[in-house]
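Please examine the model shown below together with its sequence. The paragraphs that follow proceed from the overall form of the chain to its cores, and then to individual elements and residues.

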Amino acid sequence: IQKEVKTLEYMFSADVSVRKIKNPLMYDPYNSLPFTMSFEKCIDEYLFPGWPNRDLSATVKQYREKRHIADCSKLKKEDDTCFMYLEFLYNMMKLLSDNIDSLPIEIHRQKEANIIENIEAICSSLNFQFRKVNKNQYRLFEIDSAITGTLKLVPPTVASAILDYNYYFNRNSTDKKRKALKVIADDFEAIRSRLESNNLKGLCTDIGFVLNSLSVRHNNSKNPVVKAMKPSDFNTWYDYAFRMYLQARLTLERIEKQNAFNLMKSEVTGR
């Protein structure tokens, strides 16, 4: 992954992309003649100042320095800096791609597409994918078919909480997982009676116990066992409840579609 990241950095920062002014009458120090400009410099000059997720950074360089991803030779998979860089670079290239028509210059579209394609291929090989979480930002998530299926069944606020829970950089954050589970807990309570009436009381009891007894919906810190728990303990049981919630949501979909499925089945088989 370090080798691939270095290749991406070269494609992003080297002055190899030939560009020229779209409007020859527009004043520009490069006039209307072809010239070279890196993608990084192009984004820094034309797009980055207006990016709402720049975290008060004035330049792309400053943004990278804040996240310790300025020096690609120091990026490591083990401390997440490689993944941080990939997420940063994907956001920058999508910012460029999504605003291509507003630029006063023409860019090398094939090289732009190649960088985006390479990032997606690298992440896919590591079982990750990017999802658009708002109009101007993409985040890195672990690929999970259960999550993909559940997102189609829930309201937008719950879908957002599910994505927050599964966000790669939240995987070790007990507080952020707890915050997401609070939203998920409300959705679970809304479907709990339907699940229990279909012989899933045991599953509901387990999910409900974690949500109500391990400081998600209530402050259970007075319980000596809960008080003594480590963040890793909370993460283990929060992950368990999260997986069981996904299972509950998908099981409910099966229950509610059973009659329609049986009708289709009888029509196909003629029975």
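The coordinates belong to a predicted model. In secondary structure, the protein chain comprises 11 helices and five strands. With a radius of gyration of 24 Å, well over the 18 Å that the globule rule gives for 271 residues, the chain is more spread out than a compact globule. Along the principal axes, its C-alpha atoms fill a box of roughly 75 × 60 × 30 Å. Buried residues account for 42% of the 271 in the chain. Of the contacts between residues at least 6 apart in sequence, 58% join residues at least 24 apart.

The interior may be considered next. The largest nonpolar core has 41 residues, and Ile 43 and Leu 96 are those with the most contacts inside it. Two or more residues of this core come from each of α1 (2–13), α2 (39–46), α3 (60–66), α4 (81–98), α5 (109–125), β4 (128–134) and β5 (137–142). The largest share, 11 residues, is supplied by α4. Leaving aside residues up to four places away in sequence, Ile 43 touches Phe 12, Phe 48, Pro 49, Val 60, Met 92, Met 93, Leu 95 and Leu 96. A second, separate core has 37 residues, including Ala 146, Ala 185, Leu 211 and Leu 252.

Leu 252 leads to helix α11, as this residue is among the buried residues of that helix. Helix α11 covers residues 231–269, and its 39 residues reach 53 Å from the first C-alpha to the last, close to the 57 Å expected at 1.5 Å a residue. At Gln 258, α11 bends by about 50°. Just after the helix, Gly 270 takes a positive phi of about 75°. The other buried residues of α11 are Phe 234, Asn 235, Tyr 238, Ala 241, Phe 242, Met 244, Tyr 245, Leu 246, Ala 248 and Arg 249. What covers the buried residues of α11 includes α6 (145–151), α7 (156–166), α8 (174–196), α9 (201–213) and α10 (224–227).

Two residues in these covering helices merit closer inspection. Thr 174 is placed in helix α8, and it counts as buried because its relative accessibility is 10%, under the 20% limit. Apart from residues up to four places away in sequence, Thr 174 touches Pro 231, Phe 234, Asn 235 and Tyr 238. With Asn 235 there is also a polar contact between the two side chains, at 3.2 Å. Leu 151 is placed in helix α6 and is likewise buried, with a relative accessible area of 17%. Leu 151 and Leu 246 are 95 residues apart in sequence, but their C-alpha atoms are 9.5 Å apart in space. With residues up to four places away in sequence left out, Leu 151 touches Arg 131, Ala 159, Ile 162 and Leu 163.

Backbone geometry in two loops completes the account. Leu 56, in the loop between α2 and α3, has a phi near 65°, a positive value in a residue other than glycine. Leu 56 counts as exposed because its relative accessibility is 74%, over the 50% limit. In the loop between α8 and α9 lies Asn 199, which has a positive phi of about 65° although it is not a glycine. Asn 199 also counts as exposed, at 75% relative accessibility.

Technical notes
Residues are numbered from 1 along each chain as its sequence is written. This is a predicted model: local features need pLDDT of at least 70, side-chain atom pairs count only at pLDDT 80 or more; totals for chains, interfaces and linings use all residues. Side-chain values use heavy atoms; hydrogens and water are left out. Helices (H or I, at least four residues) and strands (E, at least two) are DSSP runs, numbered from the N terminus. The expected span of a helix is 1.5 Å times one less than its number of residues. The bend at a residue is the angle between axes fitted to the seven residues ending there and the seven starting there. Buried means under 20% relative accessible area, exposed over 50%, partly exposed in between (1.4 Å probe, protein chains only). Contact means heavy atoms within 4.5 Å. A polar contact is a pair of N or O atoms within 3.5 Å; within protein, one must be able to donate a hydrogen and the other to accept it, and residues adjacent in sequence count only if both atoms are side-chain atoms. A nonpolar core is a set of buried Ala, Val, Leu, Ile, Met, Phe, Trp, Tyr and Cys residues joined through side-chain atoms within 4.5 Å. The radius of gyration is taken over C-alpha atoms; the globule rule is 2.2 Å times the number of residues to the power 0.38.
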